[in-house]
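Please open the model in your viewer and keep the sequence panel beside it, since this tour moves from one selection to the next. At each stop you will be told what to select and what is to be found there.

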Amino acid sequence: MNFTLHKTDGYARRGTLHLAHGVVETPAFMPVGTYGTVKAMSPAELHEIGAQIVLGNTFHLWLRPGLEVIEAHGGLHRFMGWNGPILTDSGGFQVFSLGALRKITEEGVKFQSPVNGDKLFLTPEESMRIQRVLNSDIAMVFDECTPYPATEAEAADSMRLSLRWAARSRVAHDGGAAHDGNPNGHSDKTRNARFPHPNPLGETTSHSTRLQTTAAKSLVIPLAGEGANESLREFHSNALFGIVQGGMYESLRDESLAGLAKIGFDGYAIGGLSVGEPKEDMLRILAHTAPLMPQDKPRYLMGVGTPEDIVAAVAQGIDMFDCVMPTRNARNGMMFTRHGDIKIKNAQYRMDMSPLDEQCACYTCRNFTRAYLHHLHRLGEILGARLNTIHNLHYYQQLMGEIRAAIEANAFADFVAVFKQKRARHE
């Protein structure tokens, strides 16, 4: 992986990210493909609307269809028919979402499968193994997503556990590639390991994994730049990002970031936001944390968000985003436009002959009226969900392109002012 920072405008950054399966111009938005598909979109349509990279869900793909199916295809790219870059999360947020169904220990997380009730065990080492099989261009460390609300002591304990897991993720990510003898993690050894489904409770993949797990508390954090680890990282073509945690406490965010930087990652993400906290708290932590992240590495804000959230985060120096909002809202009849949001189910659109957005060049806006989209949505037609999704994702990609152009022209502040003015119209 290689990241080039071309220009800054205030804190806003314009860069290029070179990954194993392609190039990503930043700031960039990643459509979410939970089960190896961005809902209602084909890979060809994703290319047409300008998507450069998509996100896959490690946890859900681990459970269904299972790793043996994806490995038989040589990884997630071939399985889903997408030849561009893919980022996979580590499963930490999904485990967090299980609530009472999971038990967190130093070694990992024990939980019941939400699919069939099986008792399962997910560790940093297992998360890295899964992501090697998926062959994602960017893997994420396994972390605990700090809940909201949390006391400072609770947030500190959670964040420090995530740091220890990040160190184990780094070792497993680097060591896994070397042991398999292939930077993409595919080998006869891996294929014959006979772990086609999630590991049963307590089962480990190797003696070295057991040692790494039980020794977690005393694990020496590898420093960025140490010879052996650095050579392994160069050998591994797929990148690994660390995740900054710490809840709503600036000092804990600082501690987390310092610990991750000491370990050394290819990029850094901000996690634990957009988990129920007030918007002002999210913006406060974002404004504090983002400018402190390493300048020469890509910065990723996980799970955020609205167009307004994205513009605000770019202004603080964030490079990468993902969120289910444009696809989920599309299926519920909520469309984003440059002149505000549209609830297409509303009766006012029954005879509306205009497109969703006169200035939008997406397939939906070029060919269909609001009245037709209203009709499809009221009847629950599949085509309605597809056309709505094409538009929303195109809008997000168009927004990112306009942001990149504004930064290049040193006119980001002017862009933000016009963006806010137009979006406030709310048709």
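Colour the chain by pLDDT, the predictor's confidence in each residue, from 0 to 100: the mean over the protein is 88, and 85% of its residues reach 70 or more. This is a predicted model, in which local features need pLDDT of at least 70 and side-chain atom pairs count only at pLDDT 80 or more, whereas totals for chains, interfaces and linings use all residues. Residues are numbered from 1 along each chain as its sequence is written, and side-chain values use heavy atoms, with hydrogens and water left out.

Select residues 177–236 next, where pLDDT stays under 50 and for which the model has 105 contacts beyond four places in sequence (a contact means heavy atoms within 4.5 Å). Where pLDDT is low, the predicted coordinates should not be read in detail.

Now turn to strand β9, residues 109–112; helices (H or I, at least four residues) and strands (E, at least two) are DSSP runs, numbered from the N terminus. Val109 and Phe111 make up the covered face of β9, while Lys110 and Gln112 make up the uncovered one. Add β8 (residues 102–104), which runs antiparallel to β9 and is joined to it by three bridges, and then β10 (residues 119–122), which is also antiparallel to β9 and is joined to it by four bridges; two strands pair if DSSP finds at least two bridges between them. Phe111 is a useful residue to centre on, with Arg102 standing opposite it in the pairing of β8 with β9 and Leu120 as its bridge partner in β10. Lys110, in turn, stands opposite Phe121 of β10.

Follow the backbone through the turns: a hairpin of four residues joins β8 to β9, and six residues lie between β9 and β10 in their hairpin, where Gly117 has a positive phi of about 85 degrees. Together the three strands form an open antiparallel sheet in the order β8-β9-β10, in which β8 and β10 are the edge strands, each pairing on one side only.

Move on to helix α17 (residues 382–408) and helix α18 (residues 412–423), which pack at an angle of about 145 degrees with their axes 8 Å apart; axes are lines fitted to C-alpha atoms, for helices over the stretch in contact, and angles run from 0 to 180 degrees between N-to-C directions. Show the side chains in this contact, among them Tyr395, Leu399 and Ile403 of α17 and Phe412, Phe415 and Phe419 of α18.

Finally, display the aromatic rings: the structure holds 12 aromatic pairs, where rings of Phe, Tyr and Trp (its six-membered ring) pair if their centres lie within 6.5 Å, and planes under 30 degrees apart count as stacked, over 60 as edge-to-face and the rest as tilted. The rings of Phe265 and Tyr268 are edge-to-face, because their planes are at 90 degrees, with the centres 6.2 Å apart. Phe265 is buried, at 3% relative accessible area (buried means under 20%, exposed over 50%, partly exposed in between, with a 1.4 Å probe and protein chains only).

Phe336 and Tyr395, by contrast, are stacked, because their planes are at 15 degrees, with the centres 6.5 Å apart. This pair links distant parts of the chain, as Phe336 lies in strand β16 (residues 334–337) and Tyr395 in α17, 59 residues apart. Select Phe29 and Tyr396 as well, which form one aromatic cluster with Phe336 and Tyr395.
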